[in-house]
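Grab a pencil and work through these exercises with the structure open beside you. Each one sets a task and then walks through a solution.

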Amino acid sequence: MNDKIREKLDTLPELPGSYQMLDVNGEIIYVGKAKNLKNRVRSYFIGAHNSKTTALVSKIDDLRYIVTSNEREAFLLEISLIKKYRPFYNIDLTDDKTYPYIEFTNEKNPKLVITRHLSKKNNRYFGPYTNVIAAREMTELLNRIYKLRKCKTVSKKPCIYYEMGECMAPCISPISKEKYDKIYLEIKKLLYGNDNTLIQELKKQMLDYSSKLDFENAKKIKDLLDDINATITRQDVILKERIDADIYGVSYDDSLVSVSIIYLRGGKIILSKNDINPYYFDIDEAVLSSVINNYENTDPPKYIFIESEYKDDLALLLDNTEVLSPVKGTKHNLMMIAKENSQVALSNKNKTQVDKKREALIELSKLLDIPIPKRIESFDNSNLFGDSPVSSCVVFVNGVKSRSDYRKYRVKTVVGANDYATMKEVTYRRYLKVKNNEIPKPDLILMDGGEVQIKGCEESLAELGVDIKVAGMKKDNTHTTDTLIYKGKEYILDKHSELYRFLYEVQEEVHRFAITFHRTLKEKNAFTSLLDEVAGIGKTLKSRLLNTYKTTDAIKNASNSDLKKLGLNEKTIIELRNRLEEEFDFE
């Protein structure tokens, strides 16, 4: 965190709004929203985050914010800014829709057209449709039935469509708004399968023509009926209420969010789709962004079904829509189907990633001419300014993080920043347990560094008599890994390969783990020292505070009554809070 950011964190208001993170080039790389700007933005610079978030935070050079009246305004502003700047680290909120709609245009003399671009200026859309050919056939059929205009602009004389009997010719015979509204409602009922009035009317006309021996017109009506049966969606009615609803299911892991949508129109399922995106910081924010994106240019249906944890926040953002979390019945079952769809999509995505990890391990095996390394351990040191030196070890099994095997090490014998000595100490302690058969032996050790770190590790292994392959991830001038070092030889990496992506993930993860541990330890040491400086806090009270409140944030948020229960009096509490503000005003 630089001084520029630290100063802005001190002055952030405790109000709702949108914030923008900028890189060294002044480009917006992330946009977010908050109920409380001060608390939300400060949280990014303290505590533990996943590797992707840590990578993002490391690229933040400056920040800006815009205060709003409430959280709903903040969310809408966030969406608008994401659309405008397309920040790299936000979920991509696109305007284009994958599936086509049928639009009854919002004009004095409307047309019926196929479109993928929805507008807030018009809410008379039908769809979306999975099959563009069927949608076009239906549009042509409805135009034949209702004879809506086809030309771009209304001319002063009839066109060829009028001559063919396929246009009402508003150019020479004005048509009332009431008639167009009636046509729209009939089309709506027909497309949603809510009414058979038109079909019954066409059948009646066909019989009338037949009774008059006008078989030519009877045949035209029969063809229309056949086309209607061929193109109107034939799904079974799922809900007897025949409502319009969008049903959401959500699944996520530590880096991806999967949102599945089932579109219900007239009580029928007309479409389902799934979106998977990477997310940073806040899963709730990512889910809401994904949902709101669907209604950026068109109105939502009357009902939305979604899991209860997202219901209240979503209800604040959508007008004229009832957001529900059904707990039983058909609606609940539909929501569970959407949930299962999201889980399957996420699982398939992860399976693809696992396959890519295997591909990366095969590449690594071929590059270094070693057996495929099933278990890889990686180390990184963190000793900023020589203070609270620590090291961390992360473990990947078959290319996947094995978090239960991660370990943190306080450096005991090394003073200051000395990567060689630190790595020698930590790896000796680690692989002494391998020698004693206390932990599994890795197939490969990856040092986050070059020859210095490799040498420290190899000397420890030699002293222990443990044979494990050791390679180093060497960085270029931009602090990005571009080379592997193994047995004194350098191997240049292809930055477009799966191996490079895997090694980057390993390096980011071990770095994140080390930095997080270092910050935690540093704060704990500072917290302990600070308590020693507060008059009225002796050994017993200090022990109670440390056991009850593990971090400065926790004790800051503690109420006076809670602190009094531990034995602190009013005067001591005031002095403690003053010292906390002085010492940790930028944390």
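**Exercise 1. Work out how much surface the protein exposes, and what share carbon and sulfur atoms supply.**

Solution. Keep in mind that you're looking at a predicted model.
- Step 1: the exposed surface of the protein comes to about 30000 Å².
- Step 2: carbon and sulfur atoms supply 49% of that surface.
- Step 3: turn to the residues, and you find that 49% of the 587 in the protein are buried.
- Step 4: for the overall fold, count 19 helices and 19 strands.
- Step 5: take the contacts between residues at least 6 apart in sequence, and 59% of them join residues at least 24 apart.

**Exercise 2. Find the largest nonpolar core and say which elements build it.**

Solution.
- Step 1: this core holds 26 residues. Phe104, Leu142, Tyr146, Leu148, Ile183 and Ile187 have the most contacts inside it.
- Step 2: look for the elements that each supply at least two residues of the core, and you get strand S4 (101–104) plus helices H5 (132–146), H7 (177–191), H8 (197–211) and H9 (215–231).
- Step 3: H7 gives the most, with six residues.
- Step 4: zoom in on isoleucine 183. Once you set aside neighbours within four places in sequence, isoleucine 183 is in contact with Phe104, Tyr146, Leu148 and Met168.
- Step 5: another core, of 24 residues, lies apart from this one, and includes Leu368, Tyr406, Ala471 and Met473.

**Exercise 3. Compare the reach of helix H13 with the expected span, then see what its buried residues pack against.**

Solution.
- Step 1: H13 covers residues 419–435, which is 17 residues.
- Step 2: from first C-alpha to last, H13 reaches 23 Å, close to the 24 Å expected at 1.5 Å a residue.
- Step 3: list the buried residues of H13: Thr422, Met423, Glu425, Val426, Thr427, Arg430, Tyr431 and Val434.
- Step 4: here's a handy rule for reading such a list. An α-helix has 3.6 residues a turn, so residues three or four places apart point the same way.
- Step 5: the buried residues of H13 pack against strands S12 (375–382), S13 (390–397), S15 (407–410) and S16 (444–447), and against helix H14 (451–464).
- Step 6: after H13 comes asparagine 437, with a positive phi near 60 degrees.

**Exercise 4. Decide whether leucine 37 and tyrosine 65 are buried or partly exposed.**

Solution.
- Step 1: leucine 37 sits in helix H2 (residues 37–43). Its relative accessible area is 0%, so leucine 37 is buried.
- Step 2: now see what surrounds leucine 37. Not counting residues up to four places away in sequence, leucine 37 touches Leu12, Pro13, Leu15, Pro16, Gly17, Ser18, Tyr19, Tyr65, Ile66 and Val67.
- Step 3: pick tyrosine 19 from that list. Tyrosine 19 and leucine 37 are 18 residues apart along the chain, with their C-alpha atoms separated by 7.6 Å.
- Step 4: tyrosine 65 belongs to strand S3 (residues 62–67). Because its relative accessibility is 33%, tyrosine 65 counts as partly exposed.
- Step 5: together with Leu15 and Val67, Tyr65 makes a nonpolar surface patch of about 240 Å².

**Exercise 5. Show that aspartate 246 and arginine 265 are buried, and trace their surroundings.**

Solution.
- Step 1: aspartate 246 is part of strand S7 (residues 245–252). At 1% relative accessibility, aspartate 246 falls under the 20% cut-off, so the residue counts as buried.
- Step 2: leaving out neighbours within four places in sequence, the contacts of aspartate 246 are Ile261, Ile262, Tyr263, Arg265, Tyr295, Pro301, Tyr303, Ile304 and Phe305.
- Step 3: follow Arg265 to strand S8 (residues 256–265). Arginine 265 has a relative accessible area of 10%, so arginine 265 is buried too.
- Step 4: arginine 265 and arginine 242 are 23 residues apart in sequence, and 7.2 Å separates them from C-alpha to C-alpha.

**Exercise 6. Locate lysine 147 and lysine 487, and check the sign of phi in each.**

Solution.
- Step 1: recall the usual pattern. Most residues other than glycine have a negative phi.
- Step 2: lysine 147 has a positive phi, near 55 degrees. Lysine 147 lies in the loop between H5 and helix H6 (160–163), and at 31% relative accessibility lysine 147 counts as partly exposed.
- Step 3: lysine 487 also has a positive phi, of about 55 degrees. Look for lysine 487 in the loop between strands S18 (481–486) and S19 (489–492). Its relative accessibility is 71%, so lysine 487 counts as exposed.

Conventions. Residues numbered from 1 in each chain as written. Predicted model: local features only at pLDDT ≥ 70, side-chain atom pairs only at ≥ 80, totals over all residues. Heavy atoms only, no water. Core = buried A, V, L, I, M, F, W, Y, C linked by side-chain atoms within 4.5 Å. Buried < 20%, exposed > 50% of the residue type's maximum accessible area, 1.4 Å probe, protein only. Helix = DSSP H or I, 4+ residues; strand = E, 2+ residues; numbered from the N terminus. Contact = heavy atoms within 4.5 Å. Patch = residues over 30% accessible without salt bridge, like charges linked within 9 Å, V, L, I, M, F, W, Y side chains within 5 Å. Areas by Shrake-Rupley, 256 points an atom, 1.4 Å probe, with all protein chains shown as cover. Salt bridge = Lys/Arg side-chain N within 4 Å of Asp/Glu carboxyl O. Expected span 1.5 Å × (residues − 1).
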